[in-house]
Amino acid sequence: MSLTAHDALLEHDPGRVVTRFFLPGEDPASSDARVDSIVARVLAMSPEALAATAERAAADFSSRHGDAAQTLVAHAEAVVDRSVDDDALSHDQRVVIGSVFTADFAVEGAALCNPSAVPHPSQDGLAAGELRVAVSLRCIGEGHISSIGFAEAVIGADDSWTFGERARPLQRPGIEAGEWSRAHFARALIDSGGHGDLASAVIPTLPERFGYDDLEAAIAGLPHSVSMRPSSSAPLHLLRDLARSAYDAAFPSESPLSARTLLPVTPDEDRGVEDARFVRFTDEDGRETYRATYTAYDGTRIAPRLITSPDLVDFSFHRLTGTGSHNKGMALFPRLVGGRHLALTRLGGESISLASSEDGLVWDDLGPICSPRETWELIQLGNCGSPIETPEGWLVLTHGVGPLRTYSLGAIVLDLDDPSKVIRRTRSPLLQPYGDLADGYVPRVVYSCGAIVHRETLWVPVGVGDSRIRVFSTGLDDLFTALEPEPATASRGA
């Protein structure tokens with residue numbers, strides 16, 4: 001069988017831009033000198049040239065981003081204390097200084113891909129049989145830097161999928177330091193190779209739950225003989241970077257979902273936040289929240305990270321630790337199974353594995369449950385999003401990578417009570433990148449980070465060629481008929 005294609009389409013849009021603080025010069029040693037000389041040139045401008053430049057910069061900025069003064073003045077204040085008395089600056093000087101330290105960034109100027117789908121927080125205003133869907137997107141911009149964006153869609157009672165208009169201007173959230181438990185912070189330090197003598201001196205002085213300011217207070221309380229020795233520099237840097245890696249991001253509640261944009265914040269995300277796999281999670285008392293795993297990339301290393309959100313307005317970002325959290329492609333189950341959090345991973349890079357956690361933060365690897373077997377899976381096999389609970393078992397979309405680095409979609413079914421057991425599996429791909437699906441930013445790729453079921457139909461938003469989003473569907477009955485039973489295998493005790 002194959003999936004049914006729909007006309008719905010999202011293409012990457014270079015006009016979707018945010019602003020970023022821009023500091024000229026790649027060499028930190030020369031940055032201060034360049035800032036001083038740039039500010040001096042602005043201060044030397046004639047009043048007439050200054051006024052005209054300020055007016056032009058504010059108008060150009062506002063045409064894309066709304067309120068110019070607040071952002072430009074904030075960027076000016078980030079640099080002027082290096083060189084001049086802030087109180088002596090005129091409004092026009094602040095605007096012009098801010099404009100030369102501001103740059104646009106097209107969040108999806110290069111590509112748009114790897115969507116996941118969950119029920120939207122609001123189902124208001126829909127007709128009977130319709131479902132509003134929140135779609136997360138991997139947006140790729142200049143320098144191949146990835147961010148997380150969103151779109152909205154409605155699945156119609158007539159089995160149609162319609163993307164809503166994507167809102168502008170884009171919104172960036174307010175960022176605040178996150179909170180740690182002392183135990184998890186210690187575990188994360190061990191995972192990072194940084195639990196030495198200095199950490200052993202700091203951690204016991206921290207509150208049971210603490211933030212970045214508490215860590216700084218604990219460091220300040222160290223004896224100078226400890227904190228000032230040369231060998232303490234690297235451990236202190238690691239402590240601070242680790243504490244900063246947990247953060248909260250909050251958007252205005254009235255902002256449209258499709259305008260909200262999550263860009264890299266911390267050093268371990270510096271080169272991208274990639275491939276968010278969102279799921280609506282139901283805990284034991286019936287409370288529903290949104291959760292997602294994503295890949296943080298610093299230019300050298302990758303690591304899964306966790307997002308939690310009650311409403312897709314406020315987001316909390318945190319580290320994941322343990323042997324089950326060391327590779328890309330982690331997908332959370334939508335509820336506890338046997339009293340524990342479960343997730344699919346790709347430990348070892350080529351097989352679907354299972355991981356287990358008591359708290360959703362520290363993960364233990366339970367080993368592979370499904371390995372490459374078919375020709376279209378010769379290179380690797382991984383999940384395409386969180387398992388979907390059905391009466392027949394946990395339905396998992398998969399991706400296989402075969403000859404010519406061709407990414408195709410398939411599926412497996414896991415036992416409901418023991419998800420370490422694969423009970424059904426596709427022998428042939430459900431979707432392959434042939435014909436008009438073959439070309440793109442990355443050719444020969446069809447990929448998804450999460451599907452959704454509505455009215456007994458599986459809906460799959462798919463990144464095609466890492467450059468555009470298409471939508472496919474199939475009836476669950478047809479899909480399960482096409483899945484072939486697997487021979488009985490031993491349980492891994494999930």
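Visitor: In which loop does Leu-404 lie?
Guide: This is a predicted model. Look past strand β22, residues 393-402, and stop before β23, residues 406-414. Leu-404 lies in the loop between β22 and β23.

Visitor: Is Leu-404 buried or exposed?
Guide: Its backbone first: phi is near 60 degrees, a positive value in a residue other than glycine. Now the surface. Exposed means over 50% relative accessible area. Leu-404 has 65%, so it counts as exposed.

Visitor: What is the relative accessible area of Asp-159?
Guide: Asp-159 lies in the loop between β6 (146-155) and β7. It is not a glycine, yet its phi is positive, about 60 degrees. Asp-159 counts as partly exposed, with a relative accessible area of 39%.

Visitor: Which two residues does a cis peptide bond join?
Guide: Go to the loop between β7 (161-163) and β8 (174-177), the place of Pro-169. Omega of the cis bond is about -5 degrees. The bond joins Arg-168 and Pro-169.

Visitor: Which residues does Leu-378 touch, not counting those up to four places away in sequence?
Guide: Leu-378 lies in the loop between β19 and β20 (380-383). At 58% relative accessibility, Leu-378 counts as exposed. Leaving out residues up to four places away in sequence, it touches Val-401, Gly-402 and Pro-403.

Visitor: What distance separates the C-alpha atoms of Leu-378 and Ala-58?
Guide: Count along the chain to begin with. The two residues are 320 residues apart in sequence. In space, their C-alpha atoms are separated by 55 Å.

Visitor: In what order do the strands of the open sheet with β16 stand?
Guide: This sheet has 4 strands, and the pairing is antiparallel. β16 (331-332) and β19 (364-370) each have a single partner strand, so they stand at the edges, with one side left without a neighbour in the sheet. The order is β16-β17-β18-β19.

Visitor: Which residue of β19 stands opposite Ser-353?
Guide: Start with strand β18, residues 352-357. It runs antiparallel to β19, and 5 bridges join the two. Opposite Ser-353 in β19 stands Pro-368.

Visitor: How many residues of strand β4 are buried?
Guide: Buried means under 20% relative accessible area. Strand β4 covers residues 111-119, and it is largely enclosed by the rest of the structure. The count of buried residues is 9 of the 9.

Visitor: Which residue of β5 stands opposite Ala-111?
Guide: β4 pairs with strand β5, residues 131-140. The sense is antiparallel, over 7 bridges. Opposite Ala-111 in β5 is Ile-140.

Visitor: Which residue has a positive phi in the turn between β13 and β14?
Guide: Strand β13 (residues 288-297) runs antiparallel to β14, with 8 bridges. Ala-292 stands opposite Ile-307 in β14. The two strands form a hairpin with 4 residues between them. In the turn, phi is about 100 degrees at Gly-299.

Visitor: What is the bridge partner of Arg-305 in β15?
Guide: Strand β14 (residues 302-309) is mostly covered, with 6 of its 8 residues buried. 4 bridges join β14 to β15, and the strands run antiparallel. They form a hairpin, and Leu-312 in the turn has a positive phi of about 65 degrees. The partner of Arg-305 in β15 is Arg-319.

Visitor: Which residues of helix α5 are buried?
Guide: Helix α5 covers residues 182-191. Its buried residues pack against several elements, including α6 (197-202), α9 (233-244) and β15 (314-319). After the helix comes Gly-193, with a positive phi near 75 degrees. The buried residues of α5 are His-184, Phe-185, Ala-186, Ala-188 and Leu-189.

Visitor: What is the radius of gyration of the chain?
Guide: The chain has 10 helices and 29 strands. For 494 residues the globule rule gives 23 Å. The chain's value is close to that, so it is as compact as a globular protein of that length. Its radius of gyration is 25 Å.

Visitor: What share of the residues of the chain count as buried?
Guide: The C-alpha trace spans about 75 × 55 × 45 Å along its principal axes. The accessible surface comes to about 21,100 Å². Of the 494 residues, the share that count as buried is 53%.

Methods
Residues are numbered from 1 along each chain as its sequence is written. This is a predicted model: local features need pLDDT of at least 70, side-chain atom pairs count only at pLDDT 80 or more; totals for chains, interfaces and linings use all residues. Side-chain values use heavy atoms; hydrogens and water are left out. Two strands pair if DSSP finds at least two bridges between them. The radius of gyration is taken over C-alpha atoms; the globule rule is 2.2 Å times the number of residues to the power 0.38. Buried means under 20% relative accessible area, exposed over 50%, partly exposed in between (1.4 Å probe, protein chains only). Accessible areas come from the Shrake-Rupley method with a 1.4 Å probe; for residues, only the protein chains shown count as cover. Contact means heavy atoms within 4.5 Å.
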